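Morning, everyone. Please bring up the structure on your screens, and we will walk through it together.

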2 protein chains.
Amino acid sequence: MHVLITGASGMIGQRLTARLAREGTCNDRPISRLTLTDVVAPPKPAGFAGPIEIRTEDAGDPAVAEALAALRPDIIFHLAAIISGEAERDFDKGYRINLDGIRNLLEAIRQEGIHNGPYVPKLVFSSSSGIFGAPFPASISDEFHVTPLTSYGAQKAIGELLLADYSRRGFVEGVGVRFPSIVIRPGKPNASAGGFFSGIIREPLQGLEALLPVEDSVLFTHASPRSAVGFLIHAAGLSREQLGPRINLSMPGVCVTVGEQIEALRRIAGERAVKLIRRAPDKAASDIVKGWPTRFDAARATALGFKAEKDFDEIIRIHIEDDLGGHLPN
Amino acid sequence: MHVLITGASGMIGQRLTARLAREGTCNDRPISRLTLTDVVAPPKPAGFAGPIEIRTEDAGDPAVAEALAALRPDIIFHLAAIISGEAERDFDKGYRINLDGIRNLLEAIRQEGIHNGPYVPKLVFSSSSGIFGAPFPASISDEFHVTPLTSYGAQKAIGELLLADYSRRGFVEGVGVRFPSIVIRPGKPNASAGGFFSGIIREPLQGLEALLPVEDSVLFTHASPRSAVGFLIHAAGLSREQLGPRINLSMPGVCVTVGEQIEALRRIAGERAVKLIRRAPDKAASDIVKGWPTRFDAARATALGFKAEKDFDEIIRIHIEDDLGGHLPN
Ligand SMILES: NC(=O)c1ccc[n+]([C@@H]2O[C@H](COP(=O)([O-])OP(=O)(O)OC[C@H]3O[C@@H](n4cnc5c(N)ncnc54)[C@H](O)[C@@H]3O)[C@@H](O)[C@H]2O)c1
Ligand SMILES: NC(=O)c1ccc[n+]([C@@H]2O[C@H](COP(=O)([O-])OP(=O)(O)OC[C@H]3O[C@@H](n4cnc5c(N)ncnc54)[C@H](O)[C@@H]3O)[C@@H](O)[C@H]2O)c1
């Protein structure tokens, strides 16, 4: 089985690549070949026996989509995207990468099937809870309507609709995975409005100060990067029959307040870590976060076997295992 | 005020044009100029004092969108589209006209504003209840999610998302009007799956036989062509403040079963007319119609002042007034 990953250099892309390379299978089916593509050269994963092709190219270019479809991969994980903040600042870039990226890929797959014989790959699309926009009910059900309040959310929502229609027509076997917030994101603090959800845990664990721009009562739904990879792989294993016509699914997660995140940090890393969180209320950041969805029902995904962490403690422990070598830095 | 209508040769486009030309105003604001465009030459309406430009061109062509935006109309009614059945048969054509048509227009408006000074027209987009797909609750609320089961529905749903995002960014003042079924459609029977909703009234009123492919219990929501025009004009008069961020609205209508439609026909045209309806059950047609939304809540549109008929009798009477010269043919 040939697996293609776009956005393979990204936070989730690298972890997905590492797991598939290490295990050599995807849902117990052996992987014979890996193709990794990103606008930034994807690192070569360790431990994979078969051929790995590394491509550095622009996912917004229709010719790139054609070249990828011509490889006829069996499973495609389409992760290439620019994030919310950048899509909001650069309107054209957001539409080119986040919308045209998936549309070009779908169309290239369809054309490949028309011109070179039947070709219906599995296509796993990374969507986002950003397709929802306030005002919200207490818990967002699988039947809540799609009203994005960012260009990024609109682009992902359109990607979902295209994926569903191309799937319904039999051109592709699509499944859209709506990630909640994926934390703890390793690396340096970034400028994204929700960066503090990771920062208030990541920085203190390393003995560094972290700023908290919102109230402790802010509620949000999170899952670990390990769960994000698990969602993608599990999605690739679902059949059309299991999915039915509604192929875009809100993923489960841990719904906690910022205060509860901090209590989890206290349990795991003690008072010393918690003291490194500095309240720095920022109305602009608060207002952005208020437009974001808080709690999901995710009943369908749960029934289909998608699993996230039980509590925020577990999310922190996974960060320590996967990113900090298994123990707290001292 | 300069008003542009795309799809001006269509069933609704011609009626909208006729009303605007006759009244010379749109929501009490005087119309100084009319531009009518369609791929089929739009007929020149009677009774308009100002200049009328008639254009025959393809709404799927980006150059056409640019040329239209360069005219800087104050209000644009974007009606050009191909219908559900055709969009399902011809995948490429559907996406080119129904999706690229609105996207090109939005982008041309934005570019016009960037290059030639501020330009933020009112853009009224004709969407459809086809953005919804089964399974449905008993009544589809304004918060029900968008899960089209046709390519036409997907294209309209994507148009709504683009319209909302371009509006949110301040490039246009958009409003999306989701029509229910618009009946009675004048003219010859057509091949559309829902054509019988008009046919079982229109043909018998003219002494002709009509086929009924579905059960009498089939429930559906309808409004007259006169209401459709009313919705579009009312939408053009709503301010951003009235609309809020959720600019796409399900319109009200008359929710009746086919059996109730037939009873209304009996009240208006007698048993002789009803006898002309011939039951010809067709499983394929039945199955298509089962995927369509039945009943809407339309609470937001109603609160915003959109009005449809009270009952199906009124819809038949409007057909007689507007299409049959005010009296039943004998
Ligand atoms: N991390 C989250 O919390 C989260 C939440 C919801 C959705 N998602 C989605 O999941 C996917 C992966 O997220 P991530 O956290 O790994 O993001 P990331 O930003 O770390 O990775 C995205 C990758 O896409 C690549 N990319 C950007 N522009 C490209 C272009 N023009 N051509 C090719 N590649 C391009 C980037 O180089 C990057 O490697 C994205 O689609 C994202 O929108 C992530
Ligand atoms: N009538 C209904 O029941 C109904 C229901 C829901 C939505 N709508 C929507 O309302 C709008 C008007 O509906 P209608 O009933 O008048 O439809 P119609 O088919 O009578 O009119 C559509 C017009 O678009 C024109 N058109 C098609 N392709 C074009 C192209 N490439 N370039 C320019 N023009 C093109 C056609 O020539 C036609 O005149 C459409 O957008 C339709 O999707 C109608």
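Let's start with D28 of chain B. D28(B) is exposed, because its relative accessible area is 73%, and the cut-off for exposed is over 50%. Where is it? D28(B) sits in the loop of chain B between β2 (25-26) and β3 (29-30). Look at its backbone too. D28(B) is not a glycine, yet its phi is positive, about 70°. Keep in mind that this is a predicted model.

Chain A has a residue to set beside that one. Phi of R72(A) is near 50°, again a positive value in a residue other than glycine. R72(A) is in a loop as well, the one between α2 (62-70) and β6 (75-78) of chain A. Is R72(A) buried, exposed or partly exposed? Its relative accessible area is 26%, so R72(A) is partly exposed.

Now go inside. N104(A) belongs to helix α4 of chain A, residues 91-116. N104(A) counts as buried because its relative accessibility is 18%, and buried means under 20%. What does it touch? Beyond its neighbours within four places in sequence, N104(A) contacts G60(A), D61(A), P62(A) and A65(A). With G60(A) there is a closer detail to give: a polar atom of the N104(A) side chain lies 3.4 Å from the backbone oxygen of G60(A).

Next, the cis peptides. In chain A, one joins A134(A) and P135(A), with omega about -5°. In chain B, one joins A134(B) and P135(B), with omega about 0°. P135(A) lies in the loop between β7 (122-128) and α5 (151-168) of chain A. P135(B) is in the loop between β7 (122-128) and α5 (151-168) of chain B.

Over to a sheet in chain B. Three strands make an open sheet, ordered β9-β11-β13, with mixed pairing. Why do β9 (181-182) and β13 (254-257) count as edges? Each has a single partner strand, so one side of each has no neighbour in the sheet. β9(B) runs parallel to β11 (residues 219-223) of chain B, and two bridges join them. Within that pairing, S181(B) stands opposite H222(B) of β11(B).

Last, the two chains together. A turn of 180° and a shift of 0.0 Å along the axis lay chain A on chain B, with an RMSD of 0.0 Å. The copies are therefore related as by a two-fold rotation axis. In chain A, the C-alpha nearest that axis belongs to H145(A), 1.7 Å away. And how do they meet? Through the same surface, because 100% of the interface residues of chain A are also interface residues in chain B.

Note on methods
Residues numbered from 1 in each chain as written. Chains lettered and ligands numbered in written order. Predicted model: local features only at pLDDT ≥ 70, side-chain atom pairs only at ≥ 80, totals over all residues. Heavy atoms only, no water. Helix = DSSP H or I, 4+ residues; strand = E, 2+ residues; numbered from the N terminus. Buried < 20%, exposed > 50% of the residue type's maximum accessible area, 1.4 Å probe, protein only. Polar contact = N/O pair within 3.5 Å; in protein donor to acceptor, adjacent residues only side chain to side chain. Contact = heavy atoms within 4.5 Å. Pairing = 2+ DSSP bridges. Least-squares fit on C-alpha atoms with pLDDT ≥ 70 in both.
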